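Reader: Could you take me on a close look at a single part of this model? I would enjoy one connected account of a helix and what surrounds it.

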Amino acid sequence: LPPLPEKSPIGRLPDGTFSRYAGAEKFSQLPLSKKTKDGLNQAKYKKMTDIQRASLPHSLCGRDILGAAKTGSGKTLAFIIPILEKLNRSRWGPEDGVGCIIMSPTRELANQLFNVLKSVGKYHGFSAGLLIGGRKDVDEEKVHVNSLNILVCTPGRLLQHMDETPNFDCSGLQVLVLDEADRILDVGFKKELNAIISQLPKHRQTFLFSATQTKSVQDLARLSLKDPEYLSVHEES
Ligand code: ADP
Ligand code: MG
């Protein structure tokens, strides 16, 4: 599997190349940047889990993903890796601002995936922020939020910034992730989510990952998914 040039002018692999990587079993077989490979190696990630194997060849080609796999199956890396690769390939830098938003239904889960991002993304130069309620002073966050490249947040806190932070800018958004999408799309978050989505650029890559497949057409239309790849993985254990 020949690796593609690390810095391609487009933020993704060319269309159709996913089939070349469909049989890959290890991260080392994927056309990933050295920075990402080093981060994975350092964290001792070698073999892909089923949801990673199924989704990465598609997500690295720029496709939207609707992925379902049970808890503990490795969904976090299935979206963190293509985020790092997309920003890296498009040479995202400090002056480019917010390039990715990852939404999580709870502070606890946001915190967990922020740690995975920090560990696997440590060799990249991107800045990332954890925007969750409660812990930190929101006024302090407001000063820095526009200079962050990757936002890991709960819907409530993100909306608070959209409402209150002067010049909060996500017009350059490249990737939107809804982790535990079924829980975020749940009635409890519907109002927040509608308000958030209406303020995000439509031309972007979107990943929805959850333990159960989200099929509500209304939900998907609202999220403006483009010809998404539906992946449902049930690992034998
Ligand atoms: P999910 O989001 O599907 O519930 P996580 O992404 O939280 O699952 O991963 C569950 C556990 O599996 C974590 O401890 C993570 O470090 C581990 N893990 C994920 N991918 C791999 C992999 N490719 N190889 C080994 N362990 C992995
Ligand atoms: Mg998870």
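**Helix α3 and its surroundings**

Author: Helix α3 passes α4 in a right-handed crossing, and that is a good place to start, bearing in mind that the model is predicted. The axes of α3 and α4 come within 10 Å and cross at roughly 50°. Since angles under 35 degrees would count as roughly parallel and 65 to 115 as roughly perpendicular, that crossing makes α3 oblique to α4. On the α3 side, the residues that meet α4 are Thr76, Leu77 and Ile80, and their partners in α4 are Leu113, Val116, Leu117 and Val120. Sorted by class, this contact has six nonpolar residues, one polar and no charged ones.

Let's turn to the other helical neighbour, α2, which spans residues 50-59. Here the axes of α2 and α3 come within 9 Å and cross at roughly 20°, so α2 is roughly parallel to α3. This crossing is right-handed. From α2, Ile51, Gln52, Ser55, Leu56 and Ser59 meet Lys75, Leu77, Ala78, Ile81 and Pro82 of α3. The residues of this contact divide into six nonpolar, three polar and one charged. Leu77 appears among the α3 residues that meet α2, and Leu77 is also listed where α3 meets α4.

Now for the sheet. It is open, with seven strands in the order β3-β4-β2-β5-β6-β1-β7 and parallel pairing. Its edge strands are β3 (128-131) and β7 (229-233), each of which pairs on one side only. From one strand to the next the twist averages 10°. Helix α3 (residues 75-89) packs on this sheet and touches β1, β2, β4, β5 and β6, with its direction at about 165° to that of β6. One of the strands it touches, β1, covers residues 65-69 and pairs with β7 in the parallel sense over five bridges. Within that pairing, Ala69 stands opposite Val233 in β7. Our earlier partner α4 (residues 107-120) lies across the sheet too, over β2, β3, β4 and β5, and runs at about 150° to β4.

Finally, there is the ligand. Ligand 1 is surrounded by 13 residues, and the closest are Thr71, Ser73, Gly74, Lys75 and Thr76. Helix α3 gives the most to this shell, with three residues. By class, the shell divides into four nonpolar, seven polar and two charged residues. Two of the closest residues tie back to the helix contacts: Lys75 is among the α3 residues that meet α2, while Thr76 is among those that meet α4.

Notes
Residues are numbered from 1 along each chain as its sequence is written. Chains are lettered from A and ligands numbered from 1 in the order in which they are written. This is a predicted model: local features need pLDDT of at least 70, side-chain atom pairs count only at pLDDT 80 or more; totals for chains, interfaces and linings use all residues. Two strands pair if DSSP finds at least two bridges between them. Helices (H or I, at least four residues) and strands (E, at least two) are DSSP runs, numbered from the N terminus. Axes are lines fitted to C-alpha atoms, for helices over the stretch in contact, and angles run from 0 to 180 degrees between N-to-C directions. Two residues are in contact if their C-beta atoms, placed from the backbone, lie within 7 Å. Angles under 35 degrees count as roughly parallel, over 145 as roughly antiparallel, 65 to 115 as roughly perpendicular and the rest as oblique. A crossing is left-handed if the near helix is turned anticlockwise from the far one by less than a right angle, and right-handed if clockwise. Ala, Val, Leu, Ile, Met, Phe, Trp, Tyr, Cys and Pro count as nonpolar, Asp, Glu, Lys and Arg as charged, and the others, Gly among them, as polar. A residue is near a molecule or strand if its C-beta atom, placed from the backbone, lies within 6 Å of it.
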